[in-house]
Structures are given as structure tokens and as C-alpha cells.
Amino acid sequence: MTSIELSTPSTGKYTQPTGLFINNEFVKGVEGKTFETINPSTEEVICSVHEATDKDVDVAVAAARKAYDTVWRKETPENRGKLLVKLADLFEKNIDILAAVETLDNGKALSMAKGADVPMAAGCLRYYGGWADKIEGKVIDTNPDTFTYTRQEPIGVCGQIIPWNFPLLMWAWKIGPAIATGNVVVLKSAEQTPLSALVAASLVKEAGFPPGVINIISGFGKTAGAAISSHMDIDKVAFTGSTVVGRQVMKAAAGSNLKKVTLELGGKSPNIVFNDADIENAISWVNFGIFFNHGQCCCAGSRVYVQSGIYDNFVERFKARALQNKVGDPFGEDTFQGPQVSQLQYDRIMGYIQEGKKAGAKVETGGERHGDKGYFIQPTIFSNVTEDMKIMQEEIFGPVCSIAKFETEEEIIATGNNSTYGLAAAIHTTNLNTALRVANSIHAGTVWVNSYNLLHHQVPFGGYKESGIGRELGEAALANYTQTKSVSIRLGDALFG
Ligand code: ADP
């Protein structure tokens with residue numbers, strides 16, 4: 001059996017694929033292993049899926065390599081683009097089931113899955129479909145007797161390892177640019193959330209991709225993930241996840257075939273509110289910046305710095321705003337915050353909350369479990385947090401916000417940059433000069449002004465410092481999946497007699 005009948009509260013019954021998607025078919029793993037995936041709202045098992053081990057990675061890589069050598073290299077850019085656009089259309093057509101499965105397996109609010117994850121995934125696939133026939137080289141004039149041109153060639157077989165916080169969106173961010181540029185992929189979903197990736201895999205076949213071009217496997221990091229990053233026949237690995245694991249992926253790549261590596265890792269992003277900010281607006285973006293997706297965003301605005309003139313007022317009103325975030329059943333219509341994804345994440349976050357309390361930060365609101373079933377945590381705001389506290393330095397990946405006061409612009413640029421991470425930052429001010437000066441001085445791959453989390457497939461996203469290597473999205477991501485070949489043709493006489 002490589003599928004099972006399941007049901008979601010919003011769609012009723014549906015057929016959930018459970019196999020490994022290799023060569024356009026759902027198959028069992030070579031070793032016949034399976035693992036369970038848990039509904040984070042109820043802590044109950046949803047179903048079991050087939051588990052890939054290193055042997056299945058070998059099978060998937062062989063399928064991908066064959067597809068690359070025999071079919072995909074010969075495909076026209078125009079057709080690659082058409083297939084991606086078709087896949088985007090199918091994402092939109094199947095939005096109800098994709099969003100429902102995302103909510104079931106991940107716990108994110110259905111309104112978010114439907115309003116953001118699935119449409120953004122479709123938008124990303126369509127955008128890269130548009131790029132497929134616009135990958136161009138250059139002609140370089142070196143001298144009249146030589147004709148030199150460059151080609152942007154695909155890298156080949158790409159291993160892609162994605163996390164559980166945006167299962168479908170990360171699927172699209174990885175597959176879009178890789179396929180547009182002519183690569184083939186073996187993508188491993190996160191073990192906490194394998195289901196939506198498999199529903200999306202069934203759309204790959206329906207869109208008409210040749211077998212082996214896109215392979216999707218479920219499995220664990222230490223086995224299947226490690227097999228991808230150390231594989232001798234994978235030419236490139238793209239990873240999104242924690243910085244700790246990012247280092248391991250890079251080491252494995254370095255210790256095997258020196259495959260190309262791009263990493264999108266963690267963050268501890270500063271969200272800076274100046275005295276002159278439109279305070280209501282700032283509160284709403286700060287709230288969204290930390291509590292969107294239950295704080296499970298690598299770019300979450302988890303360090304909030306408020307200038308002294310408005311600090312007390314801001315904290316009071318932000319607290320009131322956070323209390324309005326409806327926490328509960330992610331299938332509920334007005335739910336903003338569902339459960340954390342797993343027991344492990346729940347425990348980690350509660351551990352940080354205890355740390356914060358012990359260290360002497362003030363709990364303005366939250367700080368406890370919500371309800372008695374499921375991995376729900378109250379939106380939590382700590383004030384009076386100092387730079388040396390763990391809750392100000394380490395990525396919590398949950399609905400926990402640390403606030404501190406600052407006095408001057410100079411001071412906040414230094415404090416804002418006081419992190420080993422550099423993924424994102426935001427500035428709230430009505431002074432354009434302040435906004436631009438600070439934006440230019442912050443060491444982060446993305447800076448938002450008077451907003452937060454404005455991710456868009458046309459705009460590059462990625463990290464400074466230990467937040468990553470390479471950029472996803474936009475034209476920039478094409479560079480992750482192409483290599484430049486220079487061809488020089490001698491037109492004149494022999495150069496050296
Ligand atoms: P988190 O801590 O948020 O769960 P991880 O970085 O552990 O994030 O996981 C992100 C992805 O990396 C998942 O798909 C996971 O299976 C995978 N992964 C975990 N450990 C390894 C590893 N050693 N090598 C390769 N991939 C891994």
C-alpha cells in the first residue's frame with residue numbers, strides 16, 4: 001500500500017499518498033521501513049509513511065541521473081517553463097486539499113495555509129516557470145581573432161532538504177529555480193511533516209514531468225538527509241533548516257564530492273521601533289513579525305528593541321494586541337495561532353521560557369501552555385531582556401518575543417548587529433533618513449521598513465553571517481542552480497606560430 005484514505009475537517013475524505021515518489025511512482029522503501037506522522041493539535045498519529053534510507057536515496061539519485069542524461073538535458077527551456085506553470089496551476093486548483101493537509105500535519109492555521117502558503121508556493125513555481133527560457137549567457141569580446149561566449153548550464157542532480165515550518169512553500173522555493181534552470185531533483189521533506197509534499201508529488205505526475213525529474217522522499221535527517229549531503233552522485237545540495245545541521249551538511253559535502261552547497265539557516269532578527277514610529281502600525285507588524293506561523297519562521301522578529309520615549313506605552317499596547325491573537329484549533333475560522341509542530345519543539349520552547357523567567361526577564365503575557373492537549377503555547381512576551389540572556393541571543397523558533405529598550409540610533413545599530421545571525425531585520429520610523437541609514441547599517445540579508453515578513457518570490461531572501469550561504473527567490477536564486485561555462489573559439493591564425 002502506498003496510499004491511505006484520510007479525512008480533514010475542511011475537505012472530508014481524500015487519498016493520501018504515503019510512498020516514496022521516485023520515477024513518477026509512489027513506491028515502498030527498499031528496506032520496507034515506515035514512520036508515523038503526528039497531528040500536533042491532538043498529539044494523535046495521522047498515518048504512517050514509507051521511510052527512505054540511504055538505499056532509497058541511491059535509487060532516487062539513479063532515477064534522477066538517468067532522467068537528466070536521457071531526457072531532461074534535451075528538453076527545451078520553453079517546455080521546462082510550461083511544465084512549471086502547469087504545476088503552479090495544479091497547486092491553485094488543488095488549494096483546498098493542499099492547505100488542509102498542511103494544517104493537519106503541521107498545525108498552522110488553515111486561513112494562513114490557504115491565504116499564504118499555497119498561493120505563494122504556486123506563485124513561486126509560476127515565477128520560475130517564467131525564468132526557464134530567459135537563462136542567458138554572454139558574448140565577451142577579448143580580441144578580434146577570438147569568439148568567446150558563456151553558457152549558464154545546469155549543475156545536474158540536486159539534493160534538496162527542507163524543514164517542517166513551511167513544507168509546501170519550501171518545496172516550491174527549492175523545486176522552482178532548480179527545475180527552471182534544467183536540473184533534476186531529489187527532495188527530502190522533514191520527518192515531522194511529510195504529507196503535503198507527497199500530495200504535491202502527485203501533481204508533478206499530473207503536470208506531465210518526465211519520470212525521474214522530480215523525486216520526493218520522506219525520511220529522517222540523520223539517515224536520508226545525511227545520505228543526500230554525502231552522496232557522490234549528487235552535484236549540489238540545497239538545505240533549509242537549523243544552523244547546527246547546516247554545518248553538518250556542509251561538512252558532509254566537503255568530505256564527499258565537494259558538491260555545491262547553499263544554506264538557508266536560522267536567525268534572531270532585530271525588530272527596531274523608533275520614538276517617531278506610527279505606533280499602532282508598528283505594534284501590528286511587530287505582532288505579526290514574531291507570532292506569524294507560531295514563531296516558527298527563520299526570519300521571525302524575535303528581538304524587539306523599542307526606543308525609550310515610547311517603551312512603556314509600546315509594551316502595554318503590544319501586550320494587549322498579542323492577547324487578541326486567537327490560539328486554538330488550526331481548522332477554526334478565526335484561529336491565528338495553532339500548535340507548535342512537535343513535542344520536541346514544544347519542549348525546547350518551554351525550556352527557553354523557563355530560562356527567560358529564571359534569568360529575571362519580566363513575563364508581560366503568556367509563558368505557559370495553552371489548553372491541555374496538543375502542542376499549544378501562549379503567545380509570550382518578555383520585557384526588560386538584557387543582551388546576555390539566552391532568550392535574546394538564541395533562536396527559540398516559537399511564539400516568544402524578547403523586548404529591550406534603547407536610546408540612540410548609533411547604539412541600536414551596534415545592538416541590532418550583536419548576533420551571530422544575519423537573516424532579517426525591521427525598522428519602524430516615520431523618518432526616511434533614519435530608515436535608510438539603519439537599513440544600510442544592519443548586517444542582514446533582508447530589511448523591512450514599517451512592515452515585517454513581506455516575502456515575495458521576486459525578491460531575494462537569504463542570510464548574512466551564520467544565517468546562510470546563497471540567496472533564494474528572485475533572479476538571485478538562479479545562480480544557486482547554474483554553473484558558467486566559457487567557450488572560446490579561435491578565428492584567426494595560430495597564436496604561437
Ligand atoms: P529543526 O531543528 O528545525 O527540526 P533541522 O535542521 O533539524 O531543523 O531539520 C531540517 C531538515 O534537515 C529536515 O528535513 C531534517 O530531516 C534534515 N536533517 C536533520 N539532520 C540532518 C543531517 N545530519 N543531515 C542532513 N539533513 C538533516
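Nine nonpolar, eight polar and three charged residues form the shell around the ligand. The model is predicted. The ligand takes up the space of the largest pocket. This briefing covers the ligand's surroundings, then the annotated domain.

**Residues around the ligand**
- The ligand has 20 residues around it.
- Ile162, Trp164, Lys188, Glu191 and Ser242 come nearest.
- Three elements each supply at least two residues of the shell: helix 7 (221-229), strand 12 (236-240) and helix 8 (243-255).

**Polar contacts and cover**
- Lysine 188 has a polar side-chain atom 2.8 Å from an oxygen atom of the ligand.
- Glutamate 191 places a polar side-chain atom 2.6 Å from an oxygen atom of the ligand.
- For glutamine 248, the partner is a nitrogen atom of the ligand, 3.0 Å from a polar side-chain atom.
- On its own, the ligand has 550 Å² of accessible area, and the protein covers 87% of that area.

**Annotated domain**
- The UniProt record, an unreviewed entry, places the feature "domain: Aldehyde dehydrogenase" at residues 27-487.
- Over residues 27-487, the chain is 39% helix and 21% strand.
- The end C-alpha atoms of this stretch are 42 Å apart.

Note on methods
Residues are numbered from 1 along each chain as its sequence is written. This is a predicted model: local features need pLDDT of at least 70, side-chain atom pairs count only at pLDDT 80 or more; totals for chains, interfaces and linings use all residues. Side-chain values use heavy atoms; hydrogens and water are left out. A residue is near a molecule or strand if one of its heavy atoms lies within 4 Å of it. A polar contact is a pair of N or O atoms within 3.5 Å; within protein, one must be able to donate a hydrogen and the other to accept it, and residues adjacent in sequence count only if both atoms are side-chain atoms. Accessible areas come from the Shrake-Rupley method with a 1.4 Å probe; for residues, only the protein chains shown count as cover. On a 1 Å grid over the protein atoms alone, a cavity is a set of points where a 1.4 Å probe fits but cannot get out, and a pocket is an open set with protein on both sides within 12 Å along at least five of seven lines; lining residues have an atom within 4 Å of a point. A molecule sits in a cavity or pocket if more than half of its atoms lie within 2 Å of its grid points. Helices (H or I, at least four residues) and strands (E, at least two) are DSSP runs, numbered from the N terminus. Ala, Val, Leu, Ile, Met, Phe, Trp, Tyr, Cys and Pro count as nonpolar, Asp, Glu, Lys and Arg as charged, and the others, Gly among them, as polar. UniProt positions are given in the numbering used here, feature names are shortened, and annotations may be inferred rather than shown by experiment.
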